[in-house]
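Work through the exercises below with the structure open beside you. Try each task before reading its solution.

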Amino acid sequence: MTVVGTINKSECKAVHSVLGDKGIPGGCLSVLINPDDSLENPKDQKVHRNSWLWPKLARRMTSGGKNKYHPSQVEQDPQIDSLQCESMLAALTAKLGEAEAKKVLPSACPA
């Protein structure tokens, strides 16, 4: 299994609309379930969010630049490997036909 690339939220939605929960990579489910975090407040982009659970931990996680990602942006696009690409292409081809399947297939997958 070699990692081919990543699959973004819109590609997850497109494949999910055709194949459902069982036809998409596992990381896509978390991307589809979690709502977008818009970070509308400019202060939240730089400092900790108002954490009702552990304010001190929230401050530690965002202070000093020790962490690669802000805690509210920690979720990354799921990675997809060649076996997942092949199985998605086969399932999409069975449902949609070859031409439409290649349109829905994630861009990271070789067509």
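**Exercise 1. A buried acid**

In this predicted model, the side chain of Asp 81 comes within 2.8 Å of the backbone nitrogen of Gln 84.

Task: place Asp 81 in its element and find which side chain of opposite charge is nearest.

Solution.
- Step 1. Asp 81 belongs to strand 2, residues 79–81.
- Step 2. Check for a charged partner. The nearest side chain of opposite charge is that of Lys 102, 19 Å away.
- Step 3. Apply the cut-off. A salt bridge needs a side-chain nitrogen of Lys or Arg within 4 Å of a carboxyl oxygen. Asp 81 has no salt bridge, although it is buried.
- Step 4. Return to the polar contact. The side chain of Asp 81 has the backbone nitrogen of Gln 84 at 2.8 Å.

**Exercise 2. Two disulfides**

Task: find how many disulfides a search of the whole structure gives, then describe each link.

Solution.
- Step 1. The search returns 2 disulfides.
- Step 2. Take Cys 12 and Cys 28. Their S to S distance is 2.0 Å. The angle about the S-S bond is -65°, and the link is left-handed.
- Step 3. Locate the ends. Cys 12 sits in helix 1 (residues 9–19) and Cys 28 in helix 2 (residues 26–33), so this disulfide ties together parts 16 residues apart in sequence. Both Cys 12 and Cys 28 are buried.
- Step 4. Take Cys 85 and Cys 109. Their sulfur atoms are 2.0 Å apart. The S-S torsion is about -75°, so this disulfide is left-handed.
- Step 5. Locate these ends too. Cys 85 is in helix 5 (residues 82–96) and Cys 109 is in the segment after helix 6, so the pair ties together parts 24 residues apart in sequence. Cys 85 and Cys 109 are both buried.
- Step 6. Count the bonded cysteines along the chain. The pattern reads 1-2, 3-4.

**Exercise 3. Salt bridges in helix 6**

Task: count the salt bridges, then give the spacing and accessibility of the residues involved.

Solution.
- Step 1. The count is 2.
- Step 2. Lys 102 pairs with Glu 98, with the closest N and O atoms 3.5 Å apart. These two are 4 residues apart in helix 6, so about one helical turn separates them.
- Step 3. Glu 100 pairs with Lys 103, with the closest N and O atoms 3.3 Å apart. Both lie in helix 6, 3 residues apart, again about one turn of the helix.
- Step 4. Sort by relative accessible area. Buried means under 20% and exposed means over 50%, with partly exposed in between. Lys 102 has 40%, so it is partly exposed. Glu 100 has 38%, so it is partly exposed. Lys 103 has 62%, so it is exposed.

**Exercise 4. The buried side of helix 1**

Task: list which residues of helix 1 are buried, and say what covers them.

Solution.
- Step 1. The buried residues in helix 1 are Glu 11, Cys 12, Val 15, Val 18 and Leu 19.
- Step 2. Check their directions. They span an arc of only 135° around the axis, so they lie on the same side of helix 1.
- Step 3. Look for the cover. It includes strand 1 (3–6), helix 2, helix 5 and helix 6.
- Step 4. Step past the end of the helix. Gly 20 follows helix 1, and its phi is positive, near 80°.

**Exercise 5. Pro 106 and its contacts**

Task: decide whether Pro 106 is buried or exposed, and which residues it touches beyond four places in sequence.

Solution.
- Step 1. Pro 106 is in the segment after helix 6 (98–104).
- Step 2. Its relative accessibility is 1%, so Pro 106 is buried.
- Step 3. Leave out residues up to four places away in sequence. Pro 106 then touches Ile 7, Glu 11, Val 15, Ile 80 and Met 88.
- Step 4. Compare sequence and space. Thr 6 and Pro 106 are 100 residues apart in sequence, yet their C-alpha atoms are 8.6 Å apart.

**Exercise 6. The whole chain**

Task: write the order of helices and strands along the sequence, then add the totals for burial and contacts.

Solution.
- Step 1. The protein has 6 helices and 2 strands. Along the sequence they run β-α-α-α-α-β-α-α.
- Step 2. Of its 111 residues, 24% count as buried.
- Step 3. Take contacts with a separation of 6 or more. Residues 24 or more positions apart account for 58% of them.

Terms used
Residues are numbered from 1 along each chain as its sequence is written. This is a predicted model: local features need pLDDT of at least 70, side-chain atom pairs count only at pLDDT 80 or more; totals for chains, interfaces and linings use all residues. Side-chain values use heavy atoms; hydrogens and water are left out. Buried means under 20% relative accessible area, exposed over 50%, partly exposed in between (1.4 Å probe, protein chains only). Contact means heavy atoms within 4.5 Å. Lys and Arg count as positive and Asp and Glu as negative; His and the chain ends are not counted. A polar contact is a pair of N or O atoms within 3.5 Å; within protein, one must be able to donate a hydrogen and the other to accept it, and residues adjacent in sequence count only if both atoms are side-chain atoms. A disulfide is a pair of cysteine sulfur atoms within 2.5 Å. The arc is that of the directions from the helix axis to the C-beta atoms.
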